[in-house]
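The following note was prepared for a colleague who asked for comments on a single structure. The points are numbered for ease of reply.

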Amino acid sequence: MINDIIDGLSVALYDRFPSCKIHSERVKQGLEEPCFFISVITSLEKPLLKDRVQREIELDIHYFTNGDNAERQEVAAELYQLFKYVTLLNGNALRGWDLSHEIVDGVLHFYVTFKPILRAVPAEVVLMDEYKLTERIGG
């Protein structure tokens, strides 16, 4: 599910900012700006009724640029609109929660949380192979 969300975010970013590279893996050298870097901050799972669970996946989308803070603020404003709903590659849409941003050391950090509800995969049930019952009445 996390990779599906990252893929959906990558497509949304590429569609809106086609001249920016989008990374989800660490770049050792040669980071070309402007670009985005998607990282998972936390992921947790809460049990719901029956076989359902709710995941909470918090992400930090970094925006690197040589531009000024005004550019970073403009990009942040666009990300608020872009990440209200994100369409996954399978066509499902997820709502973005707790959207916020900050600029730290010249890098825009945009935070968004997704809370999909999933069906938990049940553990394999081992059934008895065979059972025989013999009853006797009387002596």
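**Points for consideration**

1. *Backbone at K50.* K50 lies in the loop between β2 and β3 (52–64). Please note that the model is a predicted one. The phi of K50 is near 55°, a positive value in a residue other than glycine. Most residues other than glycine have a negative phi. The side of the question that concerns solvent is clear: K50 counts as exposed, at 84% relative accessibility.

2. *Backbone at D98.* A positive phi of about 55° is also found at D98, which is not a glycine. Here the setting is a strand, β5 (residues 93–104). With a relative accessible area of 53%, D98 is exposed.

3. *The cis peptide bond.* The peptide bond from E33 to P34 is cis, with omega near 0°. Most peptide bonds are trans. P34 is placed in the loop between β1 (21–23) and β2 (35–47).

4. *Cysteines.* How many disulfides does a search of the whole structure find? The search returns 0 disulfides. For C20, the closest cysteine sulfur is that of C35, at 7.5 Å, and therefore too far for a bond. C20 counts as buried because its relative accessibility is 8%, and C35 likewise counts as buried, at 0%.

5. *The charge at R72.* R72 belongs to helix α2 (residues 69–82). Although buried, R72 has no salt bridge. The nearest side chain of opposite charge is that of D68, 5.8 Å away, whereas a salt bridge would require a separation within 4 Å. Residues up to four places away in sequence aside, R72 touches T65, G67, I103, G106, V107 and L108. A reviewer may wish to inspect this site, given a buried arginine with no salt bridge.

6. *The nonpolar core.* The largest nonpolar core has 23 residues, of which L9, F36, L59, I61, L79 and F83 touch the most other members. Two or more residues of this core come from each of α1 (2–16), β2, β3, α2 and β6 (107–114). One of the core residues named above, L9, is in contact with I38, L59, I61, F83, V86 and F114, leaving aside its neighbours within four places in sequence.

7. *Aromatic pairs: F36 and Y63.* The structure holds 4 aromatic pairs. One of them joins F36 and Y63 in a tilted arrangement, 4.9 Å centre to centre and with 40° between the planes. Because F36 lies in strand β2 and Y63 in strand β3, the pair ties together parts that are 27 residues apart in sequence. Both F36 and Y63 are buried. Ring pairs also bring F17 into a cluster with F36 and Y63.

8. *Aromatic pairs: Y80 and F110.* Which geometry describes the aromatic pair of Y80 and F110? The pair is edge-to-face, with 4.9 Å centre to centre and 80° between the planes. Y80 is in helix α2 and F110 in strand β6, so that distant parts of the chain, 30 residues apart, are linked. Y80 counts as partly exposed, at 26% relative accessibility, while F110 counts as buried, at 0%.

Definitions and conventions
Residues numbered from 1 in each chain as written. Predicted model: local features only at pLDDT ≥ 70, side-chain atom pairs only at ≥ 80, totals over all residues. Heavy atoms only, no water. Helix = DSSP H or I, 4+ residues; strand = E, 2+ residues; numbered from the N terminus. Buried < 20%, exposed > 50% of the residue type's maximum accessible area, 1.4 Å probe, protein only. Lys, Arg positive; Asp, Glu negative; His and termini not counted. Contact = heavy atoms within 4.5 Å. Disulfide = S-S within 2.5 Å. Core = buried A, V, L, I, M, F, W, Y, C linked by side-chain atoms within 4.5 Å. Phe/Tyr/Trp six-rings, centres within 6.5 Å; stacked < 30°, edge-to-face > 60°.
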